[in-house]
Structures are given as structure tokens and as C-alpha cells.
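The following exercises concern helix packing, nonpolar cores and sheet topology. Please work through each one with the model in view before reading its solution.

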Amino acid sequence: MHTIDPGFVPPHCPNPNCQHHRQLSPGWRFKRIGYYRRQLNPTRIQRFLCLHCRRSFSTQTFATSYWLKRPDILPQLLTKTTGCMANRQIARDLHVAPSTIDRQLSRLGRHCLLFHALHMHTAEPASRFAIDGFVYFEHSQYYPFHHHLAIEPDTDFMIYFTDSEVRRSGTMTKAQKRKRQRLEKIHGRPDPRAVFKDVRHLLEVVTGGQPRVTVLSDDHQAYPKALQTLPCESTHLVTSSKERRDAGNPLFPINLADLLIRHSSANHKRETIAWSKRRQRSAERLAVFLVWRNYMKGRREKERGSPTPAQARGMMEHRVSMQELLSRRLFVNRIGLPTRWVEYYWGHISTRVLPRQRRHELSYAM
Ligand SMILES: [Zn+2]
């Protein structure tokens with residue numbers, strides 16, 4: 001799976017600092033410089049040299065399995081994570097260390113961020129969409145956060161997501177309130193304007209320069225404020241959060257997405273012990289979910305051959321297979337990501353209670 005054929009011609013230089021990395025300029029020259037052998041199949045790997053920056057690379061540099069000792073894991077991860085397995089269960093199932101699964105799942109998450117962004121560049125923007133925020137936890141129940149989602153109700157297409165840290169609220173015992181106070185003293189409090197800022201960014205990305213949009217949401221107070229600051233006209237259709245959330249509710253499509261996320265991801269089940277230790281990891285898993293939901297899964301579970309959301313909105317003519325998703329490595333410097341997703345890509349979302357967190361700094365890796 002996802003190996004590159006021997007007649008492969010590199011489309012661009014893989015070195016992000018080379019002028020032939022971003023553009024497909026006709027002047028780019030490279031030469032073949034023999035092969036190297038390795039244990040995995042294919043055992044003979046073609047090597048190349050960029051004649052501009054003198055960087056050498058190989059067919060493997062363009063594979064999603066670049067630098068992986070176990071390239072067989074990546075294609076198995078998507079169905080396992082969206083099939084509700086926690087990282088430790090996956091590790092046991094595949095007979096590898098949990099840290100291998102964590103690392104490869106982050107890579108798959110990054111690939112999915114790029115895959116979706118790439119397809120959004122040429123897609124028709126959504127002029128009518130629903131937004132909502134859903135509460136999840138990182139580290140413990142003292143650290144709730146919201147994932148803000150935007151969905152196109154007519155196609156179930158997930159357009160974009162962000163997240164915000166929020167303060168633990170709701171009913172608490174006296175002991176819980178004391179503990180919250182103690183933790184906030186040590187680790188600080190989330191920015192009280194975080195929800196407003198992150199929803200505003202979400203709206204900016206989703207509206208994408210359109211002159212007018214229609215936005216469906218509940219009566220959260222941050223939404224009208226965020227909409228007012230946008231440089232476009234908007235019709236805001238509000239459904240009270242007290243309305244029954246059944247199929248007749250205008251916000252049903254976005255509730256369905258939340259249900260599916262919770263149903264499909266071990267880290268988002270209520271009362272779970274497998275919640276994400278970090279918001280960063282939750283975003284990576286959500287990116288995997290988004291790609292699976294938009295491009296690989298039919299809209300209707302029970303209808304055979306039901307089109308995917310991407311097919312329903314005319315972005316794709318077919319359902320994307322795992323092989324197609326992983327067929328080529330995507331390069332972050334060639335695909336623009338929205339600012340929040342740049343942070344997800346580089347692992348910049350830190351969890352305030354943890355002292356040191358691994359970031360993704362291998363600039364020549366993916
Ligand atoms: Zn080069």
C-alpha cells in the first residue's frame with residue numbers, strides 16, 4: 001500500500017527552502033543518482049538530486065510513509081480511530097508501543113489537515129452554514145474546552161473547526177470548587193474572550209470573502225458579537241438551545257456531527273477514561289474524523305452507495321479510498337493552512353497543566 005511506482009517523476013523539489021519547492025516552475029532540473037536498498041518493500045528506492053539546491057531525496061520523500069519504520073500502521077489507523085478505539089487499544093492490537101501510535105496518529109492528523117485544506121482551495125465556499133461549540137475535556141474534568149464546528153446543513157459537510165479553553169462551570173461540590181481555585185492559582189485561567197476570538201476566526205475562514213452568508217446557530221451570546229465584526233453581510237437564524245434537538249430542529253445536522261464525533265472517537269465519549277491528555281491531540285483526531293466524514297463515508301449509514309458530503313456538494317465525483325488518501329505526501333509549505341490549523345499542524349496548542357510538551361519541529365519531515 002501507498003508505495004510509489006518506479007517510473008515516478010518528482011513534481012517539485014521537496015526542500016522547503018528551495019525556490020523549486022512551491023512553484024511548479026518549468027526550469028527545475030534534477031537528476032537520478034542511483035538507488036538505495038532497504039528491508040521493506042519496495043526494496044530498491046530511486047534517489048534524486050535537485051540541481052538547484054543540491055538536496056538529494058528519493059521516491060520515498062514523496063510517500064506518506066516517509067521515515068516510518070512501520071509504514072503498515074498508517075493505513076490501519078484511520079478506521080481504528082474513527083471506529084472508537086483508544087490509542088492504547090490500537091497499540092495492543094497492532095503489537096507496537098503506544099508512543100508509536102501517538103506519533104503516527106499525529107502524522108495522520110497533519111496529513112488530514114493538509115488534505116482538507118488542499119481541497120478547500122478550489123471548492124465553492126458555503127454560503128449557508130451552521131456553527132456550534134461542543135464541550136470536551138483535556139487532561140481532566142477541570143479542563144473543559146470547546147471544539148467550534150462549522151457544517152453545511154444541506155450536505156453534512158464539515159467545513160472547519162477551532163477550539164477554545166473554557167473554565168470549568170456547572171454544578172460543582174464545595175470540594176470541587178476549592179480544587180478549581182487551587183488549580184487556577186497554580187496554572188492560571190483561560191482567556192475569558194477565547195470563545196469569542198475562536199468563533200470569530202472560524203467565521204472568517206468559513207465566510208472566505210463572500211459578500212453575504214446565512215448562519216444558523218443557537219442563542220450563545222458570543223455569536224452575534226462575532227458576526228458583527230465580519231466584513232460581510234449575514235443573516236443570523238437563531239434556534240434556542242432549549243428547543244428539542246430532534247430531526248426537525250434546524251441545527252440537527254450539526255448535532256448529528258457532534259453525536260458522530262462522540263460515537264466514533266474514544267477520546268470524546270462521555271464518562272470516558274480515554275479523553276485526550278492534550279487539546280492538541282484532540283484536534284489531530286478531529287482532523288482525521290473530518291476527512292473520514294467528508295470524503296470517505298456515505299452521508300446515510302444505512303443506504304448502500306450513499307454519496308459522501310464532498311460528493312453531495314459537487315467537490316468530488318467519487319468516494320475517496322484509503323489508498324487515495326495516503327497516495328502522496330502533502331507538503332505544508334505548498335498548501336496554505338488557516339492560522340488555527342497552522343498551530344495544530346506544528347503542535348503549538350499547549351495544555352496549561354502539563355509542563356513540557358512535544359512539538360512537531362522536524363522541518364524536513366512531515
Ligand atoms: Zn531544490
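**Exercise 1.** Determine how the axes of helix H3 and helix H8 are placed in this predicted model, and classify the crossing.

*Solution.* Step 1: the axes of H3 (residues 98-121) and H8 come within 8 Å. Step 2: they cross at roughly 50°. Step 3: angles under 35 degrees count as roughly parallel and those from 65 to 115 as roughly perpendicular, so H3 is oblique to H8. Step 4: the crossing in which H3 passes H8 is left-handed. Step 5: the residues that meet include Leu105, Leu108 and Cys112 on H3, with Ala287, Val288 and Tyr295 among those on H8.

**Exercise 2.** Which helix gives the most to the largest nonpolar core, and what does Leu108 contact?

*Solution.* Step 1: the largest nonpolar core has 77 residues, and Leu108, Phe129 and Tyr295 are among those with the most contacts inside it. Step 2: helix H8 (residues 279-296) gives the most to this core, contributing 10 residues. Step 3: beyond its neighbours within four places in sequence, Leu108 touches Leu74, Leu77, Leu78, Val288 and Leu326. Step 4: a second, separate core of nine residues includes Cys13, Trp28, Cys50 and Phe57.

**Exercise 3.** Establish the strand order of the open sheet and identify its edges.

*Solution.* Step 1: the three strands are ordered S1-S2-S3, with antiparallel pairing. Step 2: S1 (30-37) and S3 (56-58) each have a single partner strand, so they stand at the edges, with one side of each lacking a neighbour in the sheet. Step 3: neighbouring strands of this sheet are turned by 30° against each other on average, direction ignored. Step 4: three bridges join S2 (residues 44-50) to S3, and Arg47 has Ser58 in S3 as its bridge partner.

Definitions and conventions. Residues are numbered from 1 along each chain as its sequence is written. This is a predicted model: local features need pLDDT of at least 70, side-chain atom pairs count only at pLDDT 80 or more; totals for chains, interfaces and linings use all residues. Side-chain values use heavy atoms; hydrogens and water are left out. Two strands pair if DSSP finds at least two bridges between them. Helices (H or I, at least four residues) and strands (E, at least two) are DSSP runs, numbered from the N terminus. Axes are lines fitted to C-alpha atoms, for helices over the stretch in contact, and angles run from 0 to 180 degrees between N-to-C directions. A nonpolar core is a set of buried Ala, Val, Leu, Ile, Met, Phe, Trp, Tyr and Cys residues joined through side-chain atoms within 4.5 Å. Buried means under 20% relative accessible area, exposed over 50%, partly exposed in between (1.4 Å probe, protein chains only). Contact means heavy atoms within 4.5 Å. Angles under 35 degrees count as roughly parallel, over 145 as roughly antiparallel, 65 to 115 as roughly perpendicular and the rest as oblique. A crossing is left-handed if the near helix is turned anticlockwise from the far one by less than a right angle, and right-handed if clockwise.
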